[in-house]
Amino acid sequence: MIDLIFKDLTTLAYLMSILGLLIFINTLLGSINAWNFGEWKTKKFLSGILKNVLIALCMALFFVVLELLPVALARAGIIIPSDVVTIIEVFGMLVVAILKYINDIYSGFLDILGIKKEDVAVVVNAKEDKG
């Protein structure tokens, strides 16, 4: 049981690290954009960094609570599935947040490079028909 908790917490730590890096990249890109348009404000930048750190801390503590709750309830004689719902929900929440920031970073790069989103065409799984 303890091994499963540590494995889940390790996976959550990896996902949190990825999310943290994406949030940091997004903040840097926003700063570059603000700098380019002459709207740079140190107070806004530091406020954004502080907000991101606090959100990361809250998420990490929330995930630890979700992992430890089944163990604590089991000690009290209340048995619930230990990692069926909570871990799947947490992973899902992290993946959605990661995808959101990937999209924001992509848009940030396009803004910095002066490329309009509608001018970019992405072709997935394009294969030539040689029939």
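This passage describes the fold, the pockets and the aromatic contacts of a predicted model.

The protein chain holds three helices and zero strands. Along the sequence, the elements of the protein chain follow the pattern α-α-α. The chain has 131 residues, of which 23% count as buried. Contacts in the protein chain were also sorted by separation in sequence: among those between residues at least 6 apart, 78% join residues at least 24 apart.

One residue of helix H1 was examined for its surroundings. Asparagine 33 lies in this helix. The relative accessibility of asparagine 33 is 14%, and because the limit for a buried residue is under 20%, asparagine 33 counts as buried. When neighbours within four places in sequence are left aside, the contacts of asparagine 33 are with Gly108, Asp111 and Ile112.

Pockets were considered next. The largest pocket encloses about 380 Å³ of space. Its lining is made up of 15 residues, and those nearest the centre of the pocket are Thr27, Gly30, Ser31, Lys44 and Gly48. Two or more residues of this lining come from each of helix H1, which spans 2-36, and helix H2, which spans 42-75. The greatest contribution to the lining of the largest pocket is that of H1, with six residues. By class, the lining of the largest pocket contains five nonpolar, six polar and four charged residues.

The second largest pocket has a volume of about 190 Å³. Its lining consists of Met16, Leu19, Gly20, Ile23, Phe24, Thr27, Ile49, Asn52, Val53, Ile55, Ala56 and Met59. H1 and H2 each give at least two residues to the lining of the second largest pocket. Nine residues of this lining are nonpolar and three are polar, with no charged residues. Charged residues are thus absent from the lining of the second largest pocket, whereas four are found in that of the largest pocket. Thr27 appears in the lining of the second largest pocket and is also among the residues nearest the centre of the largest pocket.

Aromatic contacts form the last topic. A pair of aromatic rings is described by the distance of the centres and the angle of the planes. Two aromatic pairs were found in a search of the whole structure. In one of them, the ring centres of tryptophan 35 and tryptophan 40 are 5.9 Å apart and the planes stand at 65°, so the pair is edge-to-face. This assignment follows because planes over 60 degrees apart count as edge-to-face. Tryptophan 35 is exposed, and its relative accessible area is 60%. Tryptophan 40 has a relative accessibility of 32% and counts as partly exposed. The other pair joins the rings of tryptophan 40 and phenylalanine 45, with centres 5.2 Å apart and planes at 40°; the pair is therefore tilted. Phenylalanine 45, at 22% relative accessibility, counts as partly exposed. Through these ring pairs, Trp35, Trp40 and Phe45 are linked into a cluster.

A contact between a charge and a ring was also identified. Lysine 100 lies over the face of tyrosine 101, and the distance to the ring centre is 4.5 Å.

Terms used: Residues numbered from 1 in each chain as written. Predicted model: local features only at pLDDT ≥ 70, side-chain atom pairs only at ≥ 80, totals over all residues. Heavy atoms only, no water. Phe/Tyr/Trp six-rings, centres within 6.5 Å; stacked < 30°, edge-to-face > 60°. Buried < 20%, exposed > 50% of the residue type's maximum accessible area, 1.4 Å probe, protein only. Lys NZ or Arg CZ within 6 Å of the ring centre and 35° of its normal. 1 Å grid on protein atoms, 1.4 Å probe; cavity = no way out; pocket = protein on both sides within 12 Å on 5 of 7 lines; lining within 4 Å. Points joined across faces, edges and corners; volume = space filled by probe spheres on them. Helix = DSSP H or I, 4+ residues; strand = E, 2+ residues; numbered from the N terminus. Nonpolar A, V, L, I, M, F, W, Y, C, P; charged D, E, K, R; others polar. Contact = heavy atoms within 4.5 Å.
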